[in-house]
Amino acid sequence: MFTEITIAKMQDSDKNEYFEMSRDFYSLGVTNSQITDKGRECFWKEILSGEVVKAYILRCGGKTAGYAVCALSASQEAGGRVLWLDELYVKPQFRGKGAAKQFFKFIELSDDYKIVRLEVELNNDKATKLYKSLGYKEVKYLQLYKKTNQSDTEELK
């Protein structure tokens with residue numbers, strides 16, 4: 001385990017590294033959409049605005065180890081603000097070294113949110129095991145979605 005794990009708000013200078021890691025993340029089949037660089041560019045504007053997205057770069061020993069993208073919302077069920085962990089990516093060479101656990105500690109210690117929610121692919125056993133070991137529980141919801149005319153992503157067949 002690395003002793004020095006830092007988490008910093010994503011900056012404009014992180015764009016190229018973020019795009020590279022995001023391409024790898026989405027190549028793993030983590031979604032039923034294909035994300036294009038045009039879509040990444042649109043989302044990058046949301047990241048920089050910080051209005052509804054909080055994005056972070058994870059560094060281990062001073063080297064970029066991954067990123068996290070969170071969306072902000074609120075829920076009456078939660079009793080206030082909710083942080084939705086939308087993406088958590090750790091580069092293969094840094095997996096199992098504590099970066100993800102440190103990120104969860106970072107967001108869970110925030111006083112800004114009542115609940116942290118996340119989703120995981122059903123076949124991602126390692127991630128599911130990690131999340132459950134950190135106290136996350138399954139919800140009995142079926143999540144549905146519909147793309148609007150404003151969507152830049154394409155459905156996978």
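Which residue just after α4 takes a positive phi? In this predicted model, the residue is Gly 135, with a phi of about 100°. A comparable position is found after α2, which is followed by Gly 50, whose phi is also positive, near 70°.

The helix that precedes Gly 135 has a buried side and an exposed side. Ala 127, Leu 130 and Tyr 131 are the buried residues of α4. These residues lie on the same side of α4, because the arc they cover around the axis is only 95°. Asp 125, Lys 129 and Ser 133 are exposed on the other side of the helix. The packing partners of the buried residues of α4 are β5, α3 and β6 (115–118).

Tyr 131 also belongs to the largest nonpolar core, which has 24 residues. Within this core, Tyr 131 is listed with Leu 58, Leu 85, Leu 88, Phe 103 and Phe 104 as the residues that touch the most other members. At least two core residues come from each of β1 (5–9), β3 (53–60), β4 (63–75), β5 (80–90), α3 (99–108) and α4 (125–133). The element that gives the most is α3, with five residues. The contacts of Leu 88, with residues up to four places away in sequence not counted, are Phe 25, Leu 58, Tyr 67, Ala 68, Ala 100, Phe 103, Phe 104 and Tyr 131. Another core lies apart from the largest one and consists of 14 residues, including Phe 19, Met 21, Phe 25 and Trp 44. In soluble globular proteins, nonpolar side chains tend to be buried together.

Trp 44 is also one of the buried residues of α2, the others being Gly 39, Arg 40 and Ile 47. The four residues are placed on the same side of α2, since they cover an arc of only 140° around the axis. They pack against α1 (15–27) and β3. The face of α2 turned away from this buried side carries Lys 38 and Lys 45, both exposed. The length of the helix was also examined. Helix α2 comprises 13 residues (residues 37–49), which at 1.5 Å a residue should span 18 Å; the end C-alpha atoms are 18 Å apart, so the two values agree.

The loop between α2 and β3 contains Glu 51. With a relative accessibility of 65%, Glu 51 counts as exposed, because the cut-off for exposure is over 50%. Glu 51 nevertheless has contacts with residues beyond its sequence neighbours: when residues up to four places away in sequence are not counted, Glu 51 touches Glu 46 and Leu 72. The C-alpha atom of Glu 51 is separated by 9.2 Å from that of Ala 71, a residue 20 residues apart from it along the chain.

The cysteines were considered next. The structure holds zero disulfides. For Cys 70, the closest cysteine sulfur is that of Cys 60, and the separation of 17 Å is too far for a bond, because a disulfide requires sulfur atoms within 2.5 Å. Cys 70 is buried, with a relative accessible area of 1%, whereas Cys 42 is partly exposed, with a relative accessible area of 37%.

Key:
Residues numbered from 1 in each chain as written. Predicted model: local features only at pLDDT ≥ 70, side-chain atom pairs only at ≥ 80, totals over all residues. Heavy atoms only, no water. Core = buried A, V, L, I, M, F, W, Y, C linked by side-chain atoms within 4.5 Å. Buried < 20%, exposed > 50% of the residue type's maximum accessible area, 1.4 Å probe, protein only. Contact = heavy atoms within 4.5 Å. Arc of directions from axis to C-beta. Expected span 1.5 Å × (residues − 1).
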